[in-house]
Amino acid sequence: MSPNSSNGASRRRKDTAPQFTASAQLAGNLQEIVVDLVELHLQGKQAHWNVVGHNFRDLHLQLDEIVDEAREAADTIAERMRALASCPDGRSDTVAATTTLPQFPPDEQSVSAVVDLMTARLRAVVDTVRRVHDQVDGEDPSTADLLHGIIDSLEKHAWMVSAENRSV
């Protein structure tokens with residue numbers, strides 16, 4: 001008798017396992033994260049193109065790292081939504097209408113101003129992720145694990161960017 005069977009009965013499935021699908025609440029929480037990450041990506045590029053002043057080049061390059069991170073994280077969460085049978089919406093109208101990030105100012109911005117602007121936006125995205133985290137974890141711990149990585153990465157970027165304007 002097999003250790004995996006009782007009285008010789010097979011434990012094999014007779015059909016396919018059901019797909020786990022996101023509830024409306026989980027999908028909505030993940031959508032909030034997607035739009036904030038897409039907006040962070042766009043605002044990071046705006047800052048990247050228009051930052052000027054002392055130490056411009058270092059911040060210019062650092063902004064590209066943040067943009068890449070935001071784009072990859074948005075893609076990860078959007079693809080997770082698709083895996084859970086929900087549809088992410090990253091259209092520009094949707095992002096502009098639903099993001100929690102404040103608008104980024106037009107024109108050239110000083111290094112110091114961009115440091116403060118981007119630190120605030122990084123922290124805003126982290127706030128969104130932290131705000132929905134426990135609800136996400138309650139329904140889907142695997143997705144919550146993805147959120148941990150996003151929080152860690154964006155908080156590190158916020159610390160590193162904000163250090164530019166600090167002095168002791």
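This is a short tour of three packed helices and one pocket, to follow in your viewer. Keep in mind as you go that the model is predicted.

**Stop 1: α1 and α4**

Start by selecting residues 24-50, which form helix α1, and then add residues 111-139, which form helix α4. Two packed helices are described by the angle between their axes and the distance between the axes. For α1 and α4, the angle is about 165 degrees and the axes are 9 Å apart. Angles over 145 degrees count as roughly antiparallel, and α1 and α4 are therefore roughly antiparallel to each other. Their crossing is left-handed. Color the contact between α1 and α4 by residue class and you should find 14 nonpolar, six polar and five charged residues.

**Stop 2: α4 and α5**

Keep α4 on screen and bring in helix α5, residues 141-162. How do the axes of α4 and α5 cross? They come within 9 Å and cross at roughly 160 degrees, which makes α4 roughly antiparallel to α5. Here, too, is a left-handed crossing, with α4 passing α5. The contact of α4 with α5 is made up of 15 nonpolar, six polar and five charged residues.

**Stop 3: α1 and α5**

Now hide α4 and look at α1 together with α5. The axes of α1 and α5 lie 13 Å apart, at an angle of about 30 degrees. Angles under 35 degrees count as roughly parallel, so α1 is roughly parallel to α5. The crossing of α1 and α5 is left-handed.

To see the contact itself, show the side chains of Leu30, Ile33, Leu37 and Leu40 in α1, then those of Thr143, Leu147, Ile150 and Leu154 in α5; these two groups meet. By class, the contact of α1 with α5 has seven nonpolar residues, one polar residue and no charged ones.

**Stop 4: the largest pocket**

Rolling a probe the size of a water molecule over the atoms shows where empty space is left. The largest pocket in this model has a volume of about 230 Å³. Which residues line the largest pocket? Select Glu39, Leu42, Gln43, Lys45, Gln46 and Trp49, then add Ala96, Thr99, Leu101, Pro102, Gln103 and Phe104. Which element gives the largest share of the lining? That is α1, with six residues, so you are back at the helix where the tour began. Color the pocket lining by class to finish: six residues are nonpolar, four are polar and two are charged.

How values were computed. Residues numbered from 1 in each chain as written. Predicted model: local features only at pLDDT ≥ 70, side-chain atom pairs only at ≥ 80, totals over all residues. Heavy atoms only, no water. Axes fitted to C-alpha atoms, helices over the stretch in contact; angles between N-to-C directions. Helix = DSSP H or I, 4+ residues; strand = E, 2+ residues; numbered from the N terminus. Parallel < 35°, antiparallel > 145°, perpendicular 65-115°, else oblique. Left-handed = near helix turned anticlockwise from the far one by under 90°. Contact = heavy atoms within 4.5 Å. Nonpolar A, V, L, I, M, F, W, Y, C, P; charged D, E, K, R; others polar. 1 Å grid on protein atoms, 1.4 Å probe; cavity = no way out; pocket = protein on both sides within 12 Å on 5 of 7 lines; lining within 4 Å. Points joined across faces, edges and corners; volume = space filled by probe spheres on them.
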